[in-house]
Amino acid sequence: MMPALIDIIIIVLLVGTLVYAFILDRRVRSLMESLREMEPMVGAFSSAVDQSTKSVEELRDLSAKAQRPEPPVQKQAPQPRHAPAEAAPLSQSPAEKRAARLKGRAQVRGQTAVQGKSELVRTFFDITKERKE
């Protein structure tokens, strides 16, 4: 009598697991379909966020430049040829400028700086497409 009761309990638990797996599979498929539909919207939003971040950085730099008094113009003495000339930094992107400005600040615990959010979003959708295939 006992082995039959244990077998029945195992069968009921297996059937419950299969039903739960079926329901979960339907929900995941629904979620993936929603993500596919949202992909263009999320990509556009991410690009807009990157553009607004760039605009804010440019405005901040412009504001800081406008508030600084112009130093008096002085004629620089020519450097001797044997002295290595310091390489002037090429035009930095707003993200690089921000990273340089924030370098001196203390990092908040658990905070991670993410560069290129658009690329991060595209990578997420590419990975989900690969997993589907």
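**A helical chain and its first helix**

Leu-35, Ser-46 and Glu-57 are the buried residues of helix α1. The model is a predicted one, and the account below begins with the chain as a whole before returning to this helix.

The protein chain contains three helices and zero strands. Read from the N terminus, its elements follow the order α-α-α. Of the 133 residues in the chain, 6% are buried. The chain exposes about 12500 Å² of surface, and carbon and sulfur atoms account for 63% of that area.

Helix α1 covers residues 2-67. Its course includes a bend of about 50 degrees at Met-38. A proline, Pro-40, follows that position within four residues.

A part of this helix coincides with an annotated region. According to UniProt, in an unreviewed entry, residues 6-24 carry the feature "transmembrane region". In the model, this span is 100% helix and 0% strand, and the C-alpha atoms at its two ends are 27 Å apart.

The surface offers a further view of this part of the chain. Ile-11, Val-15, Val-19, Phe-22 and Ile-23 make up a nonpolar surface patch. Together these five side-chain-bearing positions present about 460 Å² of accessible area. Val-15, one of the members of the patch, is located in helix α1. Its relative accessible area is 46%; Val-15 is therefore classed as partly exposed, since that class lies between the 20% limit for buried and the 50% limit for exposed residues.

Charged side chains provide the next set of features. Across the whole structure, three salt bridges are found. One of them joins Asp-25 and Arg-29, with a distance of 2.9 Å from N to O. These two residues are four positions apart in helix α1, so about one helical turn separates them. An α-helix has 3.6 residues a turn, so residues three or four places apart point the same way. The two partners fall into separate accessibility classes: Asp-25 is partly exposed at 34% relative accessibility, whereas Arg-29 is exposed at 58%.

Another salt bridge brings together the side chains of Glu-33 and Arg-36, at 2.7 Å from N to O. Here the spacing is three residues within helix α1, which again corresponds to about one helical turn. Arg-36 is partly exposed, with 33% relative accessibility, and Glu-33 is likewise partly exposed, with 39%.

Which residue does Glu-57 meet in a salt bridge? The partner is Arg-60, and the closest N and O atoms of the pair are 3.2 Å apart. The side chains of Glu-57 and Arg-60 are also joined by a polar contact of 3.2 Å. Both residues belong to helix α1, where they stand three residues apart and are thus separated by about one helical turn.

Is Glu-57 buried or exposed? Its relative accessible area is 3%; because this value is under 20%, Glu-57 counts as buried. Arg-60, by contrast, is partly exposed at 41% relative accessibility. The pair therefore links a buried acidic side chain to a partly exposed arginine. Glu-57 thus appears both among the buried residues of α1 and in a salt bridge with Arg-60.

How values were computed:
Residues numbered from 1 in each chain as written. Predicted model: local features only at pLDDT ≥ 70, side-chain atom pairs only at ≥ 80, totals over all residues. Heavy atoms only, no water. Patch = residues over 30% accessible without salt bridge, like charges linked within 9 Å, V, L, I, M, F, W, Y side chains within 5 Å. Areas by Shrake-Rupley, 256 points an atom, 1.4 Å probe, with all protein chains shown as cover. Salt bridge = Lys/Arg side-chain N within 4 Å of Asp/Glu carboxyl O. Buried < 20%, exposed > 50% of the residue type's maximum accessible area, 1.4 Å probe, protein only. UniProt positions renumbered as here; feature names shortened; annotations may be inferred. Polar contact = N/O pair within 3.5 Å; in protein donor to acceptor, adjacent residues only side chain to side chain. Bend = angle between axes of the 7 residues up to and from the residue.
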